[in-house]
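Dear colleague,

I am handing over the structure we spoke about, and the notes that follow it set out what was found. Please keep the structure open beside you as you read.

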Amino acid sequence: MQKFKTVDELVSQLQPIKPVYCIRKQSVTKAANFFIKNFPGDVLYAVKTNPNKKILKYLNASGINNFDITSINEIEVIKSISSNAKYYYMNTVKSKEDIKEAYFKYKVKAFSLDTKEELIKQIKELMNLDIDLSSFQLDDLINTRDDLLAKKANERDDINQWFDNELYDKLKA
């Protein structure tokens with residue numbers, strides 16, 4: 001890979017007609033460290049903003065280990081550079097298959113949503129439920145999803161039994 005002292009030098013020598021990545025490791029690292037140090041909350045990097053693998057590696061090496069992802073492909077890219085990354089599935093519209101794969105294969109525990117229907121889809125797919133949830137109140141559904149996701153995956157039968165008996169009666173009341 002050719003290296004250039006400045007972007008102007010790159011442009012004058014290569015005269016590119018397609019986009020060119022100009023990656024400055026020190027700049028990426030410095031910015032990540034500054035942000036981590038000065039931001040009071042958890043830092044999530046949105047992979048869609050720059051999915052370049054080198055950039056992602058530099059960010060991860062700088063201490064960014066939480067990633068806002070919007071697809072299974074983005075999870076796989078992050079998994080290839082970090083075995084202990086945490087994923088936050090922030091695409092508000094996800095296929096049923098992607099919900100299952102993200103949760104069961106990649107252990108994604110945080111999913112965004114912006115409609116009651118999306119929440120119902122998430123609950124049904126993650127808990128393998130075959131009941132109509134459309135008449136439940138949104139707050140009850142959110143609490144239900146959070147309660148169910150907190151239980152271990154190997155307790156699926158217990159979850160379904162608990163949901164069918166206790167929670168179903170409570171939510172329908």
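The chain exposes about 11,200 Å², of which 50% is supplied by carbon and sulfur atoms. Please bear in mind that this is a predicted model, and that every value below was computed from it.

To begin with the overall layout, the chain has eight helices and four strands, and when it is read along the sequence these follow the pattern α-α-β-α-β-α-β-α-β-α-α-α. There are 173 residues in the chain, and 34% of them count as buried. Among the contacts with a separation of 6 or more, 39% are accounted for by residues that lie 24 or more positions apart.

Next comes the largest pocket, in which about 520 Å³ of space lies. Its lining is made up of 17 residues, and the closest to the centre of the pocket are Gln2, Lys3, Phe4, Cys22 and Ile23. Two elements, α1 (7-14) and α3 (53-61), give two or more residues to this lining, and it is α1 that gives the most, with three residues. By residue type, the lining of the largest pocket divides into 10 nonpolar, two polar and five charged residues.

Helix α3, which also contributes to that lining, has Ile55, Leu56, Leu59 and Asn60 as buried residues. These four lie on the same side of α3, because they cover an arc of only 130 degrees around the axis. What covers the buried residues of α3 includes the helices α2 (25-38) and α4 (72-81), together with the strands β1 (44-46) and β2 (66-69).

Helix α5, which spans residues 96-105, can be described in a similar way, since its buried residues are Ile99, Ala102 and Tyr103. They are placed on the same side of α5 because the arc they cover around the axis is only 90 degrees. On the other side of α5, Glu97 and Lys105 are exposed, and just after the helix Lys107 takes a positive phi of about 65 degrees.

Two neighbouring positions in α5 may be worth viewing one after the other. Ile99 has its place in this helix, and it counts as buried because its relative accessibility is 0%, where the cut-off for buried is under 20%. Leaving aside residues up to four places away in sequence, Ile99 touches Lys94, Phe111, Glu118, Lys121, Gln122, Glu125 and Leu126. One of these contacts, Phe111, is 12 residues from Ile99 in sequence, and the two are 8.5 Å apart in space, C-alpha to C-alpha.

Asp98 is also placed in helix α5. With a relative accessible area of 24%, Asp98 is partly exposed, because that class covers values between the limit for buried, under 20%, and the limit for exposed, over 50%. Again not counting residues up to four places away in sequence, Asp98 touches Ile72 and Tyr89. The C-alpha atom of Asp98 is separated by 7.6 Å from that of Ser71, and these two residues are 27 residues apart along the chain.

With best wishes

Conventions
Residues are numbered from 1 along each chain as its sequence is written. This is a predicted model: local features need pLDDT of at least 70, side-chain atom pairs count only at pLDDT 80 or more; totals for chains, interfaces and linings use all residues. Side-chain values use heavy atoms; hydrogens and water are left out. On a 1 Å grid over the protein atoms alone, a cavity is a set of points where a 1.4 Å probe fits but cannot get out, and a pocket is an open set with protein on both sides within 12 Å along at least five of seven lines; lining residues have an atom within 4 Å of a point. Grid points are joined across faces, edges and corners, and a volume is the space filled by probe spheres set on the points. Ala, Val, Leu, Ile, Met, Phe, Trp, Tyr, Cys and Pro count as nonpolar, Asp, Glu, Lys and Arg as charged, and the others, Gly among them, as polar. Buried means under 20% relative accessible area, exposed over 50%, partly exposed in between (1.4 Å probe, protein chains only). Contact means heavy atoms within 4.5 Å. Accessible areas come from the Shrake-Rupley method with a 1.4 Å probe; for residues, only the protein chains shown count as cover. The arc is that of the directions from the helix axis to the C-beta atoms.
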